[in-house]
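Please read the following report alongside the sequence and the three-dimensional view. It goes from the sheet to the helices that pack on the sheet, and then to the aromatic rings and two backbone positions.

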Amino acid sequence: MFSFKDKVVIVTGGSQGIGECIARDFMKFDAKVIIIDKTTSDIPCHMFYEGDLTDIRVIEDFVKVVLEKFDSIDYLINNACMGNGGILNSDYDDFIYTQKLCVAAPFMLAKLFASHFSLNGSIVNIASTRALQSQTNTECYTAAKGGILALTHALAITLKDKIRVNCISPGWIDTTASKYSKEDHAQHPVGRIGVPKDISNAVQFLCSDKSSFMTGENLIIDGGMSKLMIYHDDGGWQYDPKV
């Protein structure tokens with residue numbers, strides 16, 4: 001079991017999906033959870049701030065509000081992100097918006113909170129296996145996830161005397177409790193699609209003293225899917241150039 005009682009935890013994009021699961025799980029450990037999201041939520045967290053993290057004024061005000069209430073924070077979970085398409089259907093503003101949300105906002109939050117972390121504090125960035133592999137027309141999201149992956153090891157070195165900084169790259173995580181085919185599950189070496197709890201468990205580990213010898217690292221949590229080599233007509237796989 002982990003011990004997070006009274007720890008101050010910030011979760012960006014904590015209103016739904018993986019972020020919501022992370023927030024709720026920390027609350028189960030009696031942590032003081034702060035959520036910032038542009039989508040309202042009824043999650044019974046310690047503090048909720050509604051705002052768009054692509055706006056520097058929102059970031060600065062959020063940090064000010066948090067520090068007025070708490071002398072220090074313990075953990076910053078940079079989870080907020082969005083897709084926004086790719087080169088086939090997105091424009092400059094779409095691309096820049098995604099980079100501001102997924103890379104610039106984590107950078108600024110780390111910068112502004114850097115001197116306000118308690119002893120043994122941690123930052124956990126949520127990237128994606130899309131930082132390492134892609135599907136067609138995913139440039140906005142893929143570039144952002146590659147950016148936060150690189151930002152992780154840069155921050156880990158710069159802030160080495162203050163906090164640890166690590167990253168998680170989820171694979172296919174079902175955030176909607178949908179039903180999938182047996183083939184969808186079977187293509188994962190572990191035999192199933194991931195769930196938000198898989199990522200939340202890893203976040204707790206990276207914030208705990210059980211990972212005290214880890215910093216600058218990236219945990220790939222994808223059920224082994226990115227390790228599976230695929231060839232046409234091998235093991236039931238068929239290549240269809242129309243897809």
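## Sheet, helices and rings

Strand 5 (residues 117-126) and strand 6 (residues 164-170) run parallel and are joined by five bridges; strands here are DSSP runs of E with at least two residues, helices are DSSP runs of H or I with at least four residues, and both are numbered from the N terminus. Two strands count as paired if DSSP finds at least two bridges between them. Within this pairing, I126 stands opposite I168 of strand 6.

The model is predicted, so local features need a pLDDT of at least 70 and side-chain atom pairs count only at pLDDT 80 or more, whereas totals for chains, interfaces and linings use all residues. Residues are numbered from 1 along each chain as its sequence is written, and side-chain values use heavy atoms, with hydrogens and water left out.

Strands of a sheet pair through backbone hydrogen bonds, either parallel or antiparallel. In this structure, an open sheet of seven strands follows the order 3-2-1-4-5-6-7 with parallel pairing. Its edge strands are strand 3 (47-50) and strand 7, each of which pairs on one side only. On average, neighbouring strands of this sheet are turned by 15° against each other, with direction ignored.

Helix 3 lies across strand 1 (8-12), strand 4 and strand 5, and runs at about 170° to strand 4. Angles of this kind run from 0 to 180 degrees between N-to-C directions, and axes are lines fitted to C-alpha atoms, for helices over the stretch in contact. Helix 4 (residues 139-158) also packs on the sheet, where it touches strand 4, strand 5, strand 6 and strand 7, and its direction makes about 160° with that of strand 6.

Which residues of helix 2 meet helix 3? They are I56, I59, E60, F62, V63, V66 and L67, and on the side of helix 3 the partners are A105, M108, L109, L112 and F113, where contact means heavy atoms within 4.5 Å. The residues of this contact divide into 11 nonpolar, no polar and one charged; Ala, Val, Leu, Ile, Met, Phe, Trp, Tyr, Cys and Pro count as nonpolar, Asp, Glu, Lys and Arg as charged, and the others, Gly among them, as polar. The axes of helix 2 and helix 3 come within 10 Å and cross at roughly 35°.

The whole structure holds nine aromatic pairs, for which rings of Phe, Tyr and Trp (its six-membered ring) must have their centres within 6.5 Å, with planes under 30 degrees apart counted as stacked, over 60 as edge-to-face and the rest as tilted. Two of the pairs are set out here.

| Pair | Centre to centre | Between the planes | Arrangement |
|---|---|---|---|
| F62 and F113 | 6.4 Å | 85° | edge-to-face |
| W172 and Y180 | 5.2 Å | 85° | edge-to-face |

The pair of F62 in helix 2 (residues 56-69) and F113 in helix 3 (residues 92-113) links distant parts of the chain, 51 residues apart. Both F62 and F113 are buried, where buried means under 20% relative accessible area, exposed over 50% and partly exposed in between (1.4 Å probe, protein chains only). W172 counts as partly exposed because its relative accessibility is 29%.

Finally, N84 has a positive phi of about 75° although it is not a glycine, and N84 is found in the loop between strand 4 (73-78) and helix 3. D233, which is not a glycine either, has a positive phi of about 65° and counts as exposed because its relative accessibility is 53%.
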